[in-house]
Amino acid sequence: MLNRFARTFFTRLFTPLAKALLKAGVSPDAVTVAGTLGAVVSALIFYPQGQLFWGTVAITVFIFSDVVDGIMARLSGRHGLWGNFLDSTLDRVVDGVLFSTVAFWYFTGGNDPVIATAALACLVLGMLVSYARAKAEALGFECNVGIAERAERLVALLVMTGLTGLGLPPVVLLVTLVLLALASLFTIGQRVETVRRQAAAVR
């Protein structure tokens, strides 16, 4: 949902940068790997120390590499199976590190195990959302449905975590994570039902 509305805007915004990187000889894969490393290192440095705002700022800068590498791949004609696989796999790494480092902070210095548990629930359910689609498509089914895709999960986490770092009451982050977990659970159900109907039609 968010992907559809934001894609055009961010494509226009980052196309000049993508063209400049291609002109400099940088490959889309290099941008994918660099963005992943940047986001992971930023999360590991800032979030476990409770630096939620500055951690979010640093992570967000690197997260945009996910847009830039896609534009570069399309412009260079390298948008293929390998790039898709690499991008999707590293996305799971970033998601795992972000939610787990938020959970780590609230299990330790943040002293709020309820928020930490909610973050871990979002992590597990988010992985299941992605797995359900990947497995369905591997079996030849269409499974691009759901209200809580990766973009929505990341925006919800980063915005609310950053605002919490600026003084927003932590209960707002907790409510956001609980709603995100419920939305992810609902999305899993949507995808399971979608595949079930398609499988029944095949039989």
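How much of the chain over residues 21–46 is helix and how much is strand, and how far apart are the end C-alpha atoms? I found 85% helix and 0% strand over residues 21–46, with the end C-alpha atoms 28 Å apart. Helices here are DSSP runs of H or I with at least four residues, strands are runs of E with at least two, and both are numbered from the N terminus.

I note that the model is predicted, that local features need pLDDT of at least 70 and side-chain atom pairs pLDDT 80 or more, and that totals for chains, interfaces and linings use all residues. Residues are numbered from 1 along each chain as its sequence is written, and side-chain values use heavy atoms, with hydrogens and water left out.

**Record entry**

I looked up the UniProt annotation. The unreviewed entry lists "transmembrane region" for residues 21–46, 52–72, 93–108, 114–134 and 155–188. UniProt positions are given in the numbering used here, feature names are shortened, and annotations may be inferred rather than shown by experiment. For residues 155–188 I recorded 88% helix and 0% strand, with the end C-alpha atoms 19 Å apart.

**Helix H2 against H5 and H4**

Two packed helices are described by the angle between their axes and the distance between the axes. I therefore took axes as lines fitted to C-alpha atoms, for helices over the stretch in contact, with angles from 0 to 180 degrees between N-to-C directions.

The axes of H2 (residues 28–46) and H5 (residues 81–107) come within 9 Å and cross at roughly 5°. H2 and H5 are therefore roughly parallel; angles under 35 degrees count as roughly parallel, over 145 as roughly antiparallel, 65 to 115 as roughly perpendicular and the rest as oblique. On the H2 side the contact includes Asp29, Thr36, Ala39 and Leu44, and on the H5 side it includes Trp82, Asp87, Val94, Val97, Leu98 and Thr101. Contact means heavy atoms within 4.5 Å. I sorted the residues of the H2 and H5 contact into twelve nonpolar, four polar and two charged. Ala, Val, Leu, Ile, Met, Phe, Trp, Tyr, Cys and Pro count as nonpolar, Asp, Glu, Lys and Arg as charged, and the others, Gly among them, as polar.

The axes of H2 and H4 (residues 65–76) come within 8 Å and cross at roughly 175°. H2 and H4 are therefore roughly antiparallel. Pro28, Val31, Thr32 and Gly35 of H2 meet Ser65, Val68, Asp69, Met72, Ala73 and Ser76 of H4. By class I recorded five nonpolar, four polar and one charged residues in the contact of H2 with H4.

**Single residues of H2**

Is Ala39 of H2 buried or exposed? Ala39 counts as buried at 1% relative accessibility; buried means under 20% relative accessible area, exposed over 50% and partly exposed in between, with a 1.4 Å probe and protein chains only. Leaving aside neighbours within four places in sequence, Ala39 is in contact with Ile59, Phe62, Ile63, Val94 and Leu98.

Ser42, also found in helix H2, is buried with a relative accessible area of 7%. Not counting residues up to four places away in sequence, Ser42 touches Tyr47, Ala58, Ile59 and Phe62.

For Leu44 of H2 I listed contacts with Val97 and Thr101, leaving aside neighbours within four places in sequence. Leu44 and Ser100 are 56 residues apart in sequence and 9.5 Å apart in space, C-alpha to C-alpha.

**Nonpolar cores**

Which residues touch the most other members of the largest nonpolar core? Of its 33 residues, these are Ile59, Ile63, Leu98, Phe99, Tyr106 and Leu177. Such a core is a set of buried Ala, Val, Leu, Ile, Met, Phe, Trp, Tyr and Cys residues joined through side-chain atoms within 4.5 Å. H2, H3 (52–63), H5, H6 (113–138), H7 (150–165) and H8 (170–202) each supply at least two residues of the largest core. Apart from the largest core lies another, of six residues, among them Phe14, Val31, Val68 and Met72.

**Other residues**

Thr15 lies in helix H1 (residues 2–23) and counts as buried at 18% relative accessibility. Leaving aside neighbours within four places in sequence, Thr15 is in contact with Ile71 and Leu75.

I found Asn111 in the loop between H5 and H6. Asn111 has a positive phi of about 50° although it is not a glycine, and it is exposed with a relative accessible area of 64%.
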